[in-house]
Amino acid sequence: MQFYKNLKRARVRMGKSQIEVAKAVGISNAALSNYETGYREPDLDTLCALARYYELTLDELVNVNNEQQERIFDRSEERRVGKECSEP
């Protein structure tokens, strides 16, 4: 699965609109739309903010290993959310 699909899947899983997520992470709705369609990619700070918002690690969000896709969005297990990203 490609990164942009993971972004949309994470948002839909949480039942949030693009506007809600964009506002929460401090980006425009248009920017989030561009990320979710694969037209653009976020910078590292935005990527970290999205990972924190979705309660995912960066590895899970970008799905580096392409393993266990369903597990990426399983919120039942404890996670070390955003460990790769320091709080602003």
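This is a walk through the structure, one selection at a time. Keep in mind that the model is predicted.

**The whole chain**

Start with a cartoon of everything. The protein has six helices and zero strands, so to speak a plain α-α-α-α-α-α when read along the sequence. Switch on a surface if you like: the accessible area comes to about 5,600 Å², with 45% of that belonging to carbon and sulfur atoms. Of the 88 residues, 36% are buried. If you draw contacts between residues at least 6 apart in sequence, 59% of them join residues at least 24 apart.

**Helix 1**

Select residues 3-14. Helix 1 has 12 residues, which at 1.5 Å a residue should span 16 Å; the end C-alpha atoms sit 17 Å apart, and that agrees. Now show side chains for F3, N6, L7, A10 and R11, which are buried in helix 1. Those residues cover an arc of only 130° around the axis, so they are on the same side of helix 1. The spacing makes sense: an α-helix has 3.6 residues a turn, so residues three or four places apart point the same way.

Step just past the end of helix 1 and click G15, where phi is positive at about 70°. A little further on is S17, in the loop between helix 1 and helix 2. S17 counts as partly exposed, with 30% relative accessibility. Try a distance from there to N29: the two residues are 12 apart along the chain, and their C-alpha atoms are separated by 9.4 Å.

**Helix 2**

Next, look down the axis of helix 2. V21, A22 and V25 are buried here. Seen from this angle, the buried residues of helix 2 fall within an arc of 100°, so they line one face of the helix. Colour I19 and K23 as well: they are exposed, on the other side of helix 2. What do the buried residues of helix 2 pack against? Bring up helix 1, helix 3 and helix 4, and you have the partners. Before moving on, click G26, which follows helix 2 and has a positive phi near 80°.

**Helix 3 and the loop after it**

For helix 3, pick A31, L32, Y35 and E36, its buried residues. They fall within an arc of 130° when seen down the axis of helix 3, so here too one face of the helix is lined by them. The cover over these residues includes helix 1, helix 2 and helix 4. Helix 3 is followed by G38, with a positive phi near 85°.

Carry on into the loop between helix 3 and helix 4 and stop at P42. Is P42 buried or exposed? P42 is buried, at a relative accessible area of 14%. Leaving aside neighbours within four places in sequence, P42 is in contact with F3, Y35 and L47. You can also draw a line back to L32, which is 10 residues away along the chain, with 8.5 Å between the C-alpha atoms.

**The nonpolar core**

Time to look inside. The largest nonpolar core has 19 residues, and the ones with the most contacts inside it are L7, I27, L32, Y35, L50, Y54 and L61. Show those as spheres. Helix 1, helix 2 (18-25), helix 3 (29-37), helix 4 (44-54) and helix 5 (58-62) each give two or more residues to this core. The largest share, six residues, comes from helix 4.

**Y54 and its surroundings**

Centre the view on Y54, which counts as buried at 0% relative accessibility. Not counting residues up to four places away in sequence, Y54 touches L7, A10, R11, R13, M14, V21, E36 and L61.

Now add Y53. A search of the whole structure finds one aromatic pair. The rings of Y53 and Y54 have centres 5.5 Å apart and planes at 75°, so the pair is edge-to-face.

**Last stop: E55**

Move along to E55, in the loop between helix 4 and helix 5. E55 is not a glycine, yet phi is positive here, at about 60°. With 37% relative accessibility, E55 counts as partly exposed.

How values were computed
Residues are numbered from 1 along each chain as its sequence is written. Side-chain values use heavy atoms; hydrogens and water are left out. Helices (H or I, at least four residues) and strands (E, at least two) are DSSP runs, numbered from the N terminus. Buried means under 20% relative accessible area, exposed over 50%, partly exposed in between (1.4 Å probe, protein chains only). Contact means heavy atoms within 4.5 Å. Accessible areas come from the Shrake-Rupley method with a 1.4 Å probe; for residues, only the protein chains shown count as cover. The expected span of a helix is 1.5 Å times one less than its number of residues. The arc is that of the directions from the helix axis to the C-beta atoms. Rings of Phe, Tyr and Trp (its six-membered ring) pair if their centres lie within 6.5 Å; planes under 30 degrees apart count as stacked, over 60 as edge-to-face and the rest as tilted. A nonpolar core is a set of buried Ala, Val, Leu, Ile, Met, Phe, Trp, Tyr and Cys residues joined through side-chain atoms within 4.5 Å.
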